[in-house]
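Please keep the model open in your viewer with the selection panel at hand. Each stop below names something to select and then says what is found there.

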Amino acid sequence: MRETTKAVLELEDGTIYEGKSFGSVRPCAGEVVFNTAMTGYPESLTDPSYEGQILVTTFPLLGNYGVPPMTVTAGIEDYMESSRIHCEAIICQDYSWAYSHWLAERSLADWLADENIPGIYGIDTRALTKRLREKGSMLGRITFEGCDSVAFVDPNKENLIAKVSCSSPIEYGSGSKTVVLVDCGVKNNIIRSLVRRGVKVVRVPWNFDFNNMEFDGLFIANGPGDPDMAGEAVVNIRKALSGDMPICGICMGNQLLAKAAGAKTYKLKYGHRSHNQPVRMIGTDKCFITSQNHGFAVDNDTLPDDWEPLFVNMNDGTNEGIRHKTKPFFSAQFHPEACGGPLDTDFIFDEFINIL
């Protein structure tokens with residue numbers, strides 16, 4: 001075990017949790033959220049949807065299988081969901097200083113230190129998670145022994161999508177069909193899932209007006225924060241809704257598609273972040289286990305008459321997708337591309353490709 005520094009997590013309600021560091025010793029602040037997945041920390045840490053958040057893992061052990069290499073193939077990281085860590089910090093109950101995996105290149109602690117991201121262990125994450133469930137996601141700040149404190153920061157008041165989106169168009173793959181992907185903080189496996197189905201993907205910035213481009217389908221990606229911050233994207237998507245070109249959205253894409261249609265969104269008490277969220281396809285008895293990472297949801301009661309819910313969360317009844325009643329527009333609030341998590345709903349990509 002290495003020498004560690006004492007660390008303190010303080011929630012905005014004054015609750016204090018003490019632990020020790022295993023990453024960078026850098027005071028930070030953000031929204032404290034929990035994820036109940038048992039595996040997949042390299043994918044979660046590089047998921048742009050965690051921008052500005054302090055991630056609490058409910059599974060007690062972290063770091064036991066190390067970190068894969070940051071190799072890149074055809075412009076996409078092979079084992080990560082983006083090119084960097086996005087969360088402000090990660091918190092676990094127990095950190096494994098010894099790691100073992102055939103693909104591991106370095107330890108989680110070394111990776112966090114290299115990217116200047118704090119990691120804390122030794123905190124009762126069960127008690128912390130129960131508090132977040134009872135009171136809702138809260139702002140928090142992390143300080144270290146010998147370091148100055150920082151102020152609380154609410155990341156949802158920022159346009160986090162603008163922080164994680166690409167700055168200019170990027171092309172991937174090839175094929176007779178072209179898909180424009182609106183990058184609100186896209187996970188790499190969404191791009192992989194489209195490219196391996198034989199289409200060319202043109203990834204554009206979140207506020208890029210794609211309506212004058214030549215393409216066959218529109219895909220709206222996931223991303224962090226409050227969908228109300230992405231007004232420019234909503235305007236561009238609304239223009240596309242006047243036509244009949246196929247449109248599909250994932251996570252933030254579901255929320256932005258709903259807002260473009262005229263619906264409203266709202267903040268969930270503590271969000272859905274896990275690999276085991278059950279959803280049912282409305283009108284059927286088909287249930288799927290899904291990977292999720294979102295803190296906002298679509299208000300079903302505000303959907304216009306020509307739209308309807310497509311999936312529903314079986315835990316709390318919240319919206320998990322929408323579709324247009326007559327046009328080829330649909331979306332999912334969960335992550336069919338997983339990475340990490342189950343692949344029950346991978347068929348959504350096939351549905352989209354088949355209607356191009």
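Select Lys-187 in this predicted model and display the residues around it: with neighbours within four places in sequence left aside, Lys-187 is in contact with Asp-47, Pro-48, Glu-81, Asn-222, His-335, Glu-337, Ala-338 and Cys-339. Lys-187 belongs to the loop between strand E13 (178-183) and helix H5 (188-195), and its relative accessibility of 3% falls under 20%, so it counts as buried. If you draw a distance from its side chain to the backbone oxygen of Cys-339, you should read 3.3 Å.

From Cys-339, step along the chain to Gly-340, and look at the peptide bond that joins the two: this bond is cis, with omega near 0 degrees. Gly-340 itself sits in the loop between strand E22 (329-332) and helix H8 (347-354).

Lys-187 also leads to an enclosed space, the second largest cavity, which holds about 100 Å³. Of the 14 residues that line the second largest cavity, the closest to its centre are Ser-44, Asp-47, Lys-187, His-275 and Ser-291. Helix H1 (41-45), strand E17 and strand E18 each supply at least two residues of this lining, and E18 gives the most, with three residues. Colouring the lining by class should show two nonpolar, nine polar and three charged residues.

How many cavities of 30 Å³ or more does the structure hold? There are two, and the largest cavity has a volume of about 120 Å³. For a view of the largest cavity, centre on Gly-225, Arg-273, His-294, Gly-295 and Phe-296, which are the closest to its centre of the 16 residues that line it. Helix H7, E17 and strand E18 (287-298) each contribute at least two residues to the lining of the largest cavity, with E18 again giving the most, four residues. By class, this lining has four nonpolar, nine polar and three charged residues.

Now turn from the cavities to the largest pocket, whose volume is about 340 Å³. Select Phe-34, Tyr-270, Gly-271, His-272 and Gln-277, the closest to its centre among the 16 residues that line it. Helix H3 (125-135) and strand E17 (265-281) are the elements that give two or more residues to the lining of the largest pocket, and the largest share, nine residues, comes from E17. In the lining of the largest pocket, three residues are nonpolar, nine polar and four charged.

Next, select strand E3, residues 28-35, and hide the surface: eight of its eight residues are buried, so E3 is largely enclosed by the rest of the structure. E3 pairs with strand E11 (residues 138-144) in the antiparallel sense over five bridges, and Cys-28 stands opposite Ile-142 in E11. Five bridges also join E3 to strand E4 (residues 53-57), with the two strands running parallel; in E4, the bridge partner of Val-32 is Ile-54.

Two backbone angles deserve a check. Most residues other than glycine have a negative phi. Ala-74, in the loop between strand E6 (72-73) and strand E7 (76-77), has a positive phi of about 55 degrees although it is not a glycine. Cys-251, in the loop between strand E16 (247-250) and helix H7 (252-261), likewise has a positive phi, near 60 degrees. Are these residues buried or exposed? Ala-74 is exposed, with a relative accessible area of 68%, whereas Cys-251 is buried, with a relative accessible area of 1%.

Finish with two aspartates in loops. Asp-228 lies between strand E15 (217-220) and helix H6 (231-241), and is partly exposed at 47% relative accessibility. Not counting residues up to four places away in sequence, Asp-228 touches Lys-259 and Thr-265, and a polar contact of 2.6 Å joins the side chains of Asp-228 and Lys-259. Asp-154, in the loop between E11 and helix H4 (160-164), is partly exposed at 26% relative accessibility, and its side chain reaches the backbone nitrogen of Asn-156 at 3.0 Å. As a last distance to draw, Asp-154 and His-275 are 26 Å apart in space, C-alpha to C-alpha, and 121 residues apart in sequence.

Technical notes:
Residues numbered from 1 in each chain as written. Predicted model: local features only at pLDDT ≥ 70, side-chain atom pairs only at ≥ 80, totals over all residues. Heavy atoms only, no water. 1 Å grid on protein atoms, 1.4 Å probe; cavity = no way out; pocket = protein on both sides within 12 Å on 5 of 7 lines; lining within 4 Å. Points joined across faces, edges and corners; volume = space filled by probe spheres on them. Nonpolar A, V, L, I, M, F, W, Y, C, P; charged D, E, K, R; others polar. Buried < 20%, exposed > 50% of the residue type's maximum accessible area, 1.4 Å probe, protein only. Polar contact = N/O pair within 3.5 Å; in protein donor to acceptor, adjacent residues only side chain to side chain. Contact = heavy atoms within 4.5 Å. Pairing = 2+ DSSP bridges.
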